[in-house]
Amino acid sequence: MISLRVGQLVTFTTESRKERVLWIDRTGDGYYMIDVEDAAASPVFRKKADLDQLFINGLLKEGGDDPWLAPVREDEIPTVHQARRDKAWEMIRPLLAEQPALFLPEKRGQIIIRVVIETGASRHSLYRLLRQYWQRGMTPNALLPDYDRCGGRGKVKAVSDRKRGRPTNSGIDGLNIDVDMRTLFKAVVTRHFAVNRRLDVSGCHAELLHDHFTDDAIDERTGQQIPILRNPHPSLRQFRYWLEKDNDIFQLERRRRTPRVYDKDMRALLNTSTSEVFGPGSRYQIDATIADIYLVSRLNPSRIVGRPVLYVVIDVFSRMIVGIYVGFEGPSWVGAMMAITNAASDKVAYCRQFGIDITEADWPCRHLPDALLGDRGEMLGAAVETLINNFHVRVENTAPYRADWKGIVEQRFRLLPAVFKSYTPGFVEPDFRERGAHDYRLDGRLNVDDFTAIIIACVLYYNNDHRLNGYPRDAQMIADDVNPIPVELWEWGIARRSGLLRSYPEELVRLSVLPSDEATVTAQGIHFYGCYYTCREAVTSHWFEKARQKGTWKVRVSYDPRCMDEVHLHADKGRSRFLTCVLTERSAAYRDRTLWEIDQIRKEEQVRKNAHAPRSTQGRISAIRTVKEIVARAEQRHTDQPPDKTSDHRRVTGIRANRREERRDLQAREVFRSPGQEKPPGAGKVVPFPTGTPTDEDYALPSMPDIMRLIEQDGDDDDGQQ
C-alpha cells in the first residue's frame, strides 16, 4: 500500500515520468496529480487502488529527483525577480481559492474566464503561471522567472549564411564554425596540442592556420615561396572556444603532462592518509632529502664536506617523527636502515650521544610498525627481506615519481628547516648559484654531529609543541578533547587504539637490519674496507695462521657505517648468530670513524700516493742510471787491467784467501781513529809472504764476529772458575 502527501513526487519507472501530488480527494479515494516535465500538462485524477497496484508490481516508486526542492534565500533573489514573483502570485491567488474545483477541466475554464474579467489578466498567462505553480512545488517561489535559462546557454546555434557572434572590428569578415570545421579543430588538437606540452593554444592555432588556411605564393622581391594566409579564417577566440567545448580539457591536460605528473601535481585531493590507518604504528612513512646546508669535516674543520642526507620516519596516525638519520650515505638502503634502526631504538641514549638530555616521555618511540611505506629504490631488493621475515613488517612502495603518496613525511622536510634555517651558517638560500649571489658553501661551520643535534632539537619541538593545523580529528578525539599535537595524538592512540606497535630488543633489530658484505680472512686479520679485525673465535681457531699457510677465504659480516670500530661476523649459516670483531692495532688510525670518513682517508692516502708517484719514479730512474754508471766503470776497469793468466780453477779456489785479505784491508780503513791520528795513504799495506808449501795453520787476523765470540767464551770460562 502507498500513502502519498500533497506536494510529493512519484516516479513511473517504465515511462521515466514524474508526477506531483496536487490534492488528496477523500471522496473519490484518489489523488489529483500533474506531470512536472510536460510543458502542456494538466491535472489528472488517479485512483488510489490503481497506484497501489502499480507500487506492488514495482512500476511506481515514491520520490525522485526534485529540481525545485532546494530552498532559496530571500536576500539572494534579485529585486526585479521578487517583483515579478509577487505580481504573478497576486494573479493566481484568486484561482487557488477555487481548489479542488480548479482541477476539473469543465470548471477550470469557467473559473479562469471569470478571473480574466475581474482582473484584466490574459488567459494564456493565467494558464502558464498556474501550471508553473503546480509543477514546481506549489510555493510562491515556484513563480520566480527563468532568466537563467534564457539565451540557449550551452546549446549549439544553427549554421546559416549569416555570421554568428559579435561583429568584427578588424574589417575582415568572420567565419562560421560548422561540424566539419569542428572536426578539423579536434584533429589539429590531437595531432599537435595533445602531444606537445610546450605548445600553447595560440601556437596550436598557428599550426591550424599554417596547415589548412594558407596558400603558397612566390615573393616577387626574393623569388622564394612564402605562405599567404587566406581570408576568412578561424580566429583564436573561436579556436579556443571550440577546443574547450569539444575536448575534455582535464583528460587533455593529463595526456599533455603524462598521467604520472598530472596525478602528482594536478589531481583532486579528496582523501587523507589518516583515513587509512587505525592507530599508532599502523603505517610509518620514510623518505630522504638532501639538506639545504653545507657542513665541514669533523677531522679538519677547514674542509667543506658538502650537504648531508636527512632521513625521516614518521607515524601516519599521530604525525610523530619516530626516527631520523643524518649522514653522508646517499638515499639508499643503508641510509634507510639507519633510520629504521633509529625508529626502533632508545631515544634517550641516542640523544645523549649528541649532548642532549631527554626523558622517555619526550620521545616515546622505540617500535617497529605494521607497515612501512617508502620509495621503490630503497625498499626493493634482497636486503629488505630481512625486515619482512624477521619482524613481520609489511613493506609498501610508492609508484615511480609519486612522492605525493608520502605527503605527510614530505611535509616534514618543509617544517623542520623552518625552525633552524635563520640561524645556521651555510644554509642554502633560493638564490644559490645565481649570478652575483653569495656563495653559501663558504659559510659552513657545522659538522655532522652539530647538525644532528640541531635536527634532534627541531624534532623534539615538533613532536611535543607543534600544533597540526588541519589534522582530521574524528568524533572520539573531539569528545576526549585531544589536541592535535603529535605526542598527545600518539599517547591517545596508544591508550585507545593500540595493538599494532611491536617492540624488539634493540641489539637484535640493529644487527638484523645492518647492511652486510663479504670480508677476507688474511694473515693480518679479517680484512674489510681497508680495516683489519679480530675476534676470540678467530684466534682460538687459528684462522690467521691458516690464512698465511693455506691461503685466504671469504666470510660474511654485518657492519654499521656510522662507526667501523666493530663488525659482526655471521657465525652460523642456518640461524642468525653474530660474533663481534674489533679493530686490530694495525688499523688503530680508523677508530671512531664512519665508513664514509674511512673511505675519505683512504682516498686521500691514494691521492698522496698518486701525487708521490712521479717523484718515486724519478728517483728510481736516477738510481738505475747511477747503477749503470758504476757498472760501466767497473767493466772499463776490468778491461783496462792486464790479462790474468791464472786459471779459472785457481781463481775459484782462492776466494777464501782473497776474502781474508780484503777484510783486513777494510778493517784498516774503517777503524775509528782520533782526529789527527789518521794513517797516511799507503800505510799498513799488506805485504804477501813468499810463496811456498801451504800449511794448515791460518795466520790471518780473525773477523770482528770471531773476536767478539772468543771474548764471550773467555768470559764464560772465568765465571766458571769462580
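The exercises below work through selected strands, helices and residues of a predicted model.

Residues are numbered from 1 along each chain as its sequence is written, and side-chain values rest on heavy atoms, with hydrogens and water left out. Since the model is predicted, local features need pLDDT of at least 70 and side-chain atom pairs count only at pLDDT 80 or more, while totals for chains, interfaces and linings use all residues.

**Exercise 1. The open sheet**

Task: determine the order of the strands in the open sheet of five strands, and explain why one side of β4 and of β5 is left without a neighbour in the sheet.

Solution. Begin with the terms: helices (H or I, at least four residues) and strands (E, at least two) are DSSP runs numbered from the N terminus, and two strands pair if DSSP finds at least two bridges between them. The order of this open sheet is β4-β3-β2-β1-β5, and its pairing is antiparallel. Strands β4 (44-47) and β5 (60-62) stand at the edges with a single partner strand each, so one side of each has no neighbour in the sheet. Neighbouring strands are turned against each other by 40° on average, direction ignored. One of the pairings is that of β3 (residues 30-35) with β4, antiparallel and joined by four bridges, in which M33 stands opposite V44.

**Exercise 2. Helices on the strands**

Task: find which strands are touched by helix α1 and which strands helix α4 lies across.

Solution. Contact here means heavy atoms within 4.5 Å, and angles run from 0 to 180 degrees between N-to-C directions, with axes fitted as lines to C-alpha atoms, for helices over the stretch in contact. Helix α1 (residues 48-56) packs on the sheet and touches β1 (9-12), β3, β4 and β5, its direction making about 65° with that of β4. Helix α4 (residues 123-135) lies across β2 (17-25) and β3, and runs at about 110° to β3.

**Exercise 3. Two helix crossings**

Task: describe how α3 packs with α4 and how α5 packs with α6, giving angle, axis distance, handedness and the classes of the residues involved.

Solution. Two packed helices are described by the angle between their axes and the distance between the axes.

For the pair of helix α3 (residues 105-119) and α4, the axes come within 10 Å and cross at roughly 120°. That makes α3 oblique to α4, given that angles under 35 degrees count as roughly parallel, over 145 as roughly antiparallel, 65 to 115 as roughly perpendicular and the rest as oblique. The crossing of α3 and α4 is right-handed, a term used if the near helix is turned clockwise from the far one by less than a right angle, with anticlockwise giving left-handed. In this contact R108, G109, I112, V115 and V116 of α3 meet R123, L126, Y127 and W134 of α4. By class there are six nonpolar, one polar and two charged residues, where Ala, Val, Leu, Ile, Met, Phe, Trp, Tyr, Cys and Pro count as nonpolar, Asp, Glu, Lys and Arg as charged, and the others, Gly among them, as polar.

For helix α5 (residues 179-193) and helix α6 (residues 201-212), the angle is about 115° and the axes are 10 Å apart. The crossing of α5 and α6 is right-handed. Among the residues that make the contact are L184, F185 and H192 of α5 and C204, E207 and D211 of α6. Eight residues of this contact are nonpolar, two polar and three charged.

**Exercise 4. Two residues and their surroundings**

Task: decide whether H192 is buried or exposed, make the same decision for M1, and list their contacts.

Solution. Buried means under 20% relative accessible area, exposed over 50% and partly exposed in between (1.4 Å probe, protein chains only). H192, found in helix α5, has 17% relative accessibility and therefore counts as buried. Leaving aside neighbours within four places in sequence, H192 is in contact with L199, C204, E207 and D211. M1 lies in the segment before β1 and, at 71% relative accessibility, counts as exposed. Not counting residues up to four places away in sequence, M1 touches K48, D52 and F55. The C-alpha atoms of M1 and K48 are separated by 9.1 Å, although the two residues are 47 residues apart along the chain.

**Exercise 5. The partners of β8**

Task: identify the sense in which β8 pairs with β11 and with β13.

Solution. Strand β8 (residues 284-290) has five of its seven residues buried, so the rest of the structure largely encloses it. With strand β11 (residues 309-315), β8 runs antiparallel over seven bridges, and A288 stands opposite Y311. With strand β13 (residues 371-374), β8 pairs in the parallel sense over two bridges, where L373 is the bridge partner of Q285.
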